[in-house]
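Biologist: Could you take me on a close tour of one part of this model? I'd like to look at the sheet and whatever packs around it.

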Amino acid sequence: MFYLQLGAFSARDSAEEFRARIYRELGWLSDAIHVFAADGLYKLHLGPYRSADQARSVAQRIEGELNFRPVFVVR
């Protein structure tokens, strides 16, 4: 599956706050943002997407609106 990683935080509260901010700032975003623990971090993954092209399209839109580029992840 294809995901976009929006951030990685050492504290779950920070990850949850960032997730809430993303939803506030991207009113068009209806995809689920999942917070999961891995390697001592809380990572925010958006998706899953059916194709890499679909994930890239969303990543470009996020970059255009928030001026940061999500990391493309396959898991």
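Modeller: Happy to, and here is a walk through the sheet, then the helices, the core and the aromatic rings. Keep in mind that this is a predicted model.

Let's start with the strands. There are four of them in an open sheet, in the order S2-S3-S1-S4, and the pairing is antiparallel. At the edges you'll find S2 (33-38) and S4 (71-74); each has a single partner strand, so one side of each has no neighbour in the sheet. On average, neighbouring strands are turned by 40° against each other, if you ignore direction.

Now go through the pairings. S2 and S3 (residues 41-49) run antiparallel and are joined by six bridges; here Ile33 sits opposite Leu46 of S3. S3 also pairs with S1, again antiparallel and over six bridges, and in that pairing Gly7 has Leu44 in S3 as its bridge partner. S1 and S4 are joined by four bridges and run antiparallel too, with Gln5 opposite Val71 in S4.

Stay on S3 for a moment, since two of its polar residues are worth a click. His45 belongs to this strand, and its relative accessibility is 2%, so it counts as buried, the cut-off being under 20%. Its side chain makes a polar contact of 2.9 Å with the side chain of Gln5, and another of 3.1 Å with the side chain of Arg75. Leaving out residues up to four places away in sequence, His45 touches Tyr3, Leu4, Gln5, Ala32, Ile33, His34, Phe36, Val73 and Arg75. Lys43 is in S3 as well, and at 16% relative accessibility Lys43 also counts as buried. Beyond its neighbours within four places in sequence, Lys43 is in contact with Gln5, Gly7, Ala8, His34, Val35, Phe36 and Ala38.

Next, the helices. H1 (residues 12-25) lies across S1 (2-9), S2 and S3, and runs at about 160° to S2. H2 (residues 52-66) lies across S1, S3 and S4, at about 40° to S1.

On to the greasy part. The largest nonpolar core has 17 residues, and the ones touching the most other members are Leu4, Leu6, Ile22, Ile33, Leu44, Leu46 and Ile62. S1, H1, S2, S3 and H2 each give two or more residues to this core, and H2 supplies the largest share, with five. Take Ile22 as an example: apart from neighbours within four places in sequence, Ile22 is in contact with Leu6, Leu29, Ile33, Leu66 and Phe68.

That last name brings us to the rings. The structure holds three aromatic pairs. In one of them, the ring centres of Phe9 and Phe18 are 5.5 Å apart and the planes meet at 45°, so the pair is tilted. Phe18 pairs with Phe68 as well, also tilted, at 6.2 Å centre to centre and 55° between the planes. Because Phe18 is in helix H1 and Phe68 in the loop between H2 and S4, this pair ties together parts that are 50 residues apart in sequence. Phe18 is buried, with a relative accessible area of 14%, whereas Phe68, at 24% relative accessibility, counts as partly exposed. Ring pairs link Phe9, Phe18 and Phe68 into a cluster.

Terms used. Residues are numbered from 1 along each chain as its sequence is written. This is a predicted model: local features need pLDDT of at least 70, side-chain atom pairs count only at pLDDT 80 or more; totals for chains, interfaces and linings use all residues. Side-chain values use heavy atoms; hydrogens and water are left out. Two strands pair if DSSP finds at least two bridges between them. Axes are lines fitted to C-alpha atoms, for helices over the stretch in contact, and angles run from 0 to 180 degrees between N-to-C directions. Contact means heavy atoms within 4.5 Å. Buried means under 20% relative accessible area, exposed over 50%, partly exposed in between (1.4 Å probe, protein chains only). A polar contact is a pair of N or O atoms within 3.5 Å; within protein, one must be able to donate a hydrogen and the other to accept it, and residues adjacent in sequence count only if both atoms are side-chain atoms. A nonpolar core is a set of buried Ala, Val, Leu, Ile, Met, Phe, Trp, Tyr and Cys residues joined through side-chain atoms within 4.5 Å. Rings of Phe, Tyr and Trp (its six-membered ring) pair if their centres lie within 6.5 Å; planes under 30 degrees apart count as stacked, over 60 as edge-to-face and the rest as tilted.
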